[in-house]
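Here are some short exercises to work through with the model open beside you. Try each task before you read the solution under it.

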Amino acid sequence: MASIRFDNVQRVFRQNGQEFVALKDVTIEVRDREFVAIVGPSGCGKTTCLRMAAGLEHPSAGTVSVDREVVRRPGPDRAVVFQAFALFPWKTVWDNVEFGLISLGVDAGERRRRIEHYMGLMGLTGYERAFPHQLSGGMQQRVAIARAYVLDPKVLLMDEPFGALDAQTRVVMQEELVRLARQNPRTVLFITHAVEEAVYLADRIVVMTGRPGTVGEVIDVKTVREAEQWDRHNRIEDVMDQPSFVHLRSHVWKLLRDAGGGTLH
Ligand SMILES: Nc1ncnc2c1ncn2[C@@H]1O[C@H](COP(=O)(O)OP(=O)(O)OP(=O)(O)O)[C@@H](O)[C@H]1O
Ligand SMILES: [Mg+2]
């Protein structure tokens, strides 16, 4: 079991000697094995929320908890994928993926089994001995995702993980992530600017509004997805053609337009 809860979270930052409220009254629940996407205007505090769940940042008031325990620091139960791939440039692909497993004390046989499994799923087989600079951006991001998945974390925290990818690689990654998420559901908090991506991937979408950042509306996608059987379609473009998909997408866009307080990308 792993759930994430933000309870009346506030975050005040100091900028140019003045205090400003970046997040106010944020209450979000990500249930066990639920995929929740956060969308919202630039600067509304999405990354700050994710960093608080990761234990890299702390609320000024309210609490962030994972499995009912208040998050105080990073831990192996939560893996983070950042937008910038954050691979070790001096380590090979294999060593990058293995690094976290060694720190967790996972034995060599199990390490090999898990790495081979996820490298295969991410289409990285054959690149084990390559260094990050020898890979394309999309491949590097797949290494970063494999590195998070091999840890078998209860919680995956992803901050615009596909933001830097070209359109085609992005689609491949989205389809792979949906496949992984349906085969092997995890508790996922996923930040994106892309409305279609949120509707395609998430069980629920949290739409944030800006200045100060807070939760505007929460949209249940899973009920629609299951009722309309989107999973019959393997390709993202076929899902996106569904009238129920188009309807949800326009609804989220409208909320974002009304959200104000920042720019939309
Ligand atoms: N360490 C910090 N010190 C001061 N201000 C900060 C700090 N971190 C974030 N902020 C401010 O808090 C607000 C929210 O930032 P955050 O990065 O969480 O936004 P975001 O929703 O992720 O934006 P984007 O969509 O552009 O990535 C911004 O106004 C930012 O300038
Ligand atoms: Mg951000």
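## Exercise 1: Around helix 1

Just after helix 1, G55 has a positive phi of about 85°. Keep in mind that this is a predicted model.

**Task.** Find out how well covered helix 1 is, and which of its residues are buried.

**Solution.** Start with the cut-off: a residue counts as buried if 20 or more other C-beta atoms lie within 10 Å of its own. Run that over the helix and seven of its nine residues pass, so helix 1 is mostly covered. Now pick them out: K46, C49, L50, R51, M52, A53 and A54 are the buried ones.

## Exercise 2: The shell of ligand 1

**Task.** List the residues around ligand 1, then say which element gives the largest share of them.

**Solution.** First, collect the shell. Ligand 1 has F13, Q15, A22, G40, S42, G43, C44, G45, K46, T47 and T48 around it. Next, look for elements that give two or more residues: these are strand 1 (4-15) and helix 1 (46-54). Helix 1 comes out with the largest share, three residues. Last, sort the shell by class, and you get three nonpolar, seven polar and one charged.

## Exercise 3: A sheet of four strands

**Task.** Work out the strand order of the open four-stranded sheet, and name its edge strands.

**Solution.** A reminder helps here: strands of a sheet pair through backbone hydrogen bonds, either parallel or antiparallel. In this open sheet, the order is 2-1-4-5 and the pairing is antiparallel. The edges are strand 2 (18-30) and strand 5 (69-70), each of which pairs on one side only. Now zoom in on one pair. Strand 1 and strand 2 run antiparallel to each other over nine bridges. As a spot check, find Q15: opposite it, in strand 2, stands Q18. You've already met Q15, by the way, as one of the residues around ligand 1.

## Exercise 4: Overall size and build

**Task.** Does the radius of gyration agree or disagree with that of a compact globule of 265 residues?

**Solution.** Take the expected value first: a compact globule with 265 residues would have a radius of gyration near 18 Å. The protein has 18 Å, so the two agree. For a feel of the outline, the C-alpha atoms fill a box of roughly 50 × 45 × 35 Å along the principal axes. Inside it, nine helices and 10 strands make up the secondary structure, and 40% of the 265 residues count as buried. Then check how far along the chain the contacts reach. Of those with a separation of 6 or more, 70% join residues 24 or more positions apart.

## Exercise 5: Two domains and their contact

**Task.** Locate the two domains and describe the side of domain 1 that touches domain 2.

**Solution.** Begin with the bounds: domain 1 is 4-77 + 154-259, and domain 2 is 86-152. Their centres, taken over C-alpha atoms, are 25 Å apart. The contact takes 11 residues from domain 1 and nine residues from domain 2. On the domain 1 side, helix 5 (residues 167-183) gives the most, with four residues. By class, that side divides into eight nonpolar, one polar and two charged.

## Exercise 6: Unusual backbone angles

**Task.** Where do N8, R68 and P212 sit, and what is special about the backbone there?

**Solution.** Most residues other than glycine have a negative phi, and most peptide bonds are trans. With that in mind, go one by one.

- N8 is in strand 1, and its phi is near 45°, a positive value in a residue other than glycine. N8 is exposed, with 12 other C-beta atoms within 10 Å.
- R68 lies in the loop between strand 4 (61-66) and strand 5. Its phi is positive too, about 65°, although R68 is not a glycine. With 8 C-beta neighbours inside 10 Å, R68 is exposed.
- P212 belongs to the loop between strand 9 (204-209) and strand 10 (214-220). The peptide bond from R211 to P212 is cis, with omega near -15°.

## Exercise 7: Contacts of R111

**Task.** Which residues does R111 contact, leaving aside neighbours within four places in sequence?

**Solution.** Find R111 in helix 3 (residues 108-121). Its contacts beyond those neighbours are E98, L101 and V106. Take E98: it is 13 residues from R111 along the chain, and their C-alpha atoms are 6.9 Å apart. Finally, count the surroundings: 18 other C-beta atoms lie within 10 Å, so R111 is partly exposed.

Terms used:
Residues numbered from 1 in each chain as written. Chains lettered and ligands numbered in written order. Predicted model: local features only at pLDDT ≥ 70, side-chain atom pairs only at ≥ 80, totals over all residues. Near = placed C-beta within 6 Å. Nonpolar A, V, L, I, M, F, W, Y, C, P; charged D, E, K, R; others polar. Rg over C-alpha atoms; globule rule 2.2 N^0.38 Å. Contact = placed C-beta atoms within 7 Å. Domains from an automatic or database assignment. Pairing = 2+ DSSP bridges.
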